[in-house]
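Me: I should like to go through the reasons behind several assignments in this structure. Please set each value against its definition.

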Amino acid sequence: MKNIIIFGAPGSGKGTYSDEIVSRYGMGHISTGDVLRAEIKNGTELGKLAKGLIDKGQLIPDDVMVNILAKVYDEKVPGKGVIFDGFPRTITQAEALKNMLADRHHELGNMIELIVDEETLMSRLLNRAKEQGRADDNEETIKARFQVYHNQTEPLAEWFEKEGIRHTFTWKGDKDTMLKEIFAFLDTQQ
Ligand code: AMP
């Protein structure tokens with residue numbers, strides 16, 4: 001399977017659909033948010049830096065993220081196909097990802113964009129706050145994350161468009177429909 005970049009606003013379902021894709025196609029999965037949360041839990045220097053920024057809904061600096069990504073990617077049986085979840089979030093990260101893969105003679109693959117209306121996003125995130133207790137799932141931080149997404153990450157959709165690998169899927173009210181559409185596309189990409 002080709003690499004996949006799963007792309008969308010906070011709460012759009014990147015983690016959920018990544019898990020579904022991983023179990024259907026048996027790919028590697030890199031969630032940069034999960035990597036950072038593990039560093040926080042282990043109390044590392046990186047974790048300390050990350051915590052301050054994540055709690056404010058801000059992004060971790062690009063150079064830090066690019067280094068982490070390359071390290072984790074090389075551990076994930078490269079060549080098998082990896083799903084990038086939460087990376088890239090800036091144009092600089094996208095360029096770095098493209099170069100990192102080119103250095104290894106691997107392709108970017110496909111970008112899967114999840115489009116979900118903001119009301120649904122907010123209610124999902126507030127719900128997740130109750131269920132999982134993520135520190136950054138409170139109303140104030142969620143608003144900051146939406147702002148960061150609109151300003152720094154959303155413009156990247158155009159970058160993927162220019163690469164010719166942007167594939168958009170729009171939420172129509174149920175997960176099964178969304179999943180069916182994503183699988184129908186990915187089945188053609190083996
Ligand atoms: P996520 O689990 O993907 O929602 O990420 C949670 C938080 O981790 C984000 O709000 C950012 O603060 C940080 N983060 C995760 N991935 C990145 C990235 N690629 N670049 C910068 N910050 C990131």
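Me: What phi does G57 take just after α3?
Reply: G57, which directly follows α3, has a positive phi of about 80°. This is a predicted model, in which local features need pLDDT of at least 70, side-chain atom pairs count only at pLDDT 80 or more, and totals for chains, interfaces and linings use all residues. Residues are numbered from 1 along each chain as its sequence is written, and side-chain values use heavy atoms, with hydrogens and water left out.

Me: How do you know that the span of helix α3 agrees with its number of residues?
Reply: Helices are DSSP runs of H or I with at least four residues, strands are runs of E with at least two, and both are numbered from the N terminus. The expected span is 1.5 Å times one less than the number of residues. For the 12 residues of α3 (residues 45-56) this gives 16 Å, and the end C-alpha atoms lie 18 Å apart, which agrees.

Me: What makes the buried residues of α3 line one face?
Reply: The buried residues (under 20% relative accessible area; exposed is over 50%, partly exposed in between, with a 1.4 Å probe and protein chains only) are G47, A50, L53 and I54. Down the axis of α3 they fall within an arc of 135°, taken from the directions from the helix axis to the C-beta atoms, so they line one face of the helix. On the other side of α3, E45, K48 and K56 are exposed. The cover over the buried residues includes α2 (32-41) and α7 (139-153).

Me: Why is T141 called buried?
Reply: T141, in helix α7, has 7% relative accessibility and therefore counts as buried. Leaving aside residues up to four places away in sequence, T141 is in contact (heavy atoms within 4.5 Å) with I54, D55, K56, G57 and D136.

Me: Which residues make the contact between α2 and α3?
Reply: The two helices pack at an angle of about 115°, with their axes 7 Å apart. Here axes are lines fitted to C-alpha atoms, for helices over the stretch in contact, and angles run from 0 to 180 degrees between N-to-C directions. L36, E39 and I40 of α2 meet L46, G47, A50, K51 and I54 of α3.

Me: What makes β2 and β5 edge strands?
Reply: Two strands pair if DSSP finds at least two bridges between them. The open sheet of five strands has the order β2-β3-β1-β4-β5, with parallel pairing. Both β2 (28-31) and β5 (166-170) pair on one side only.
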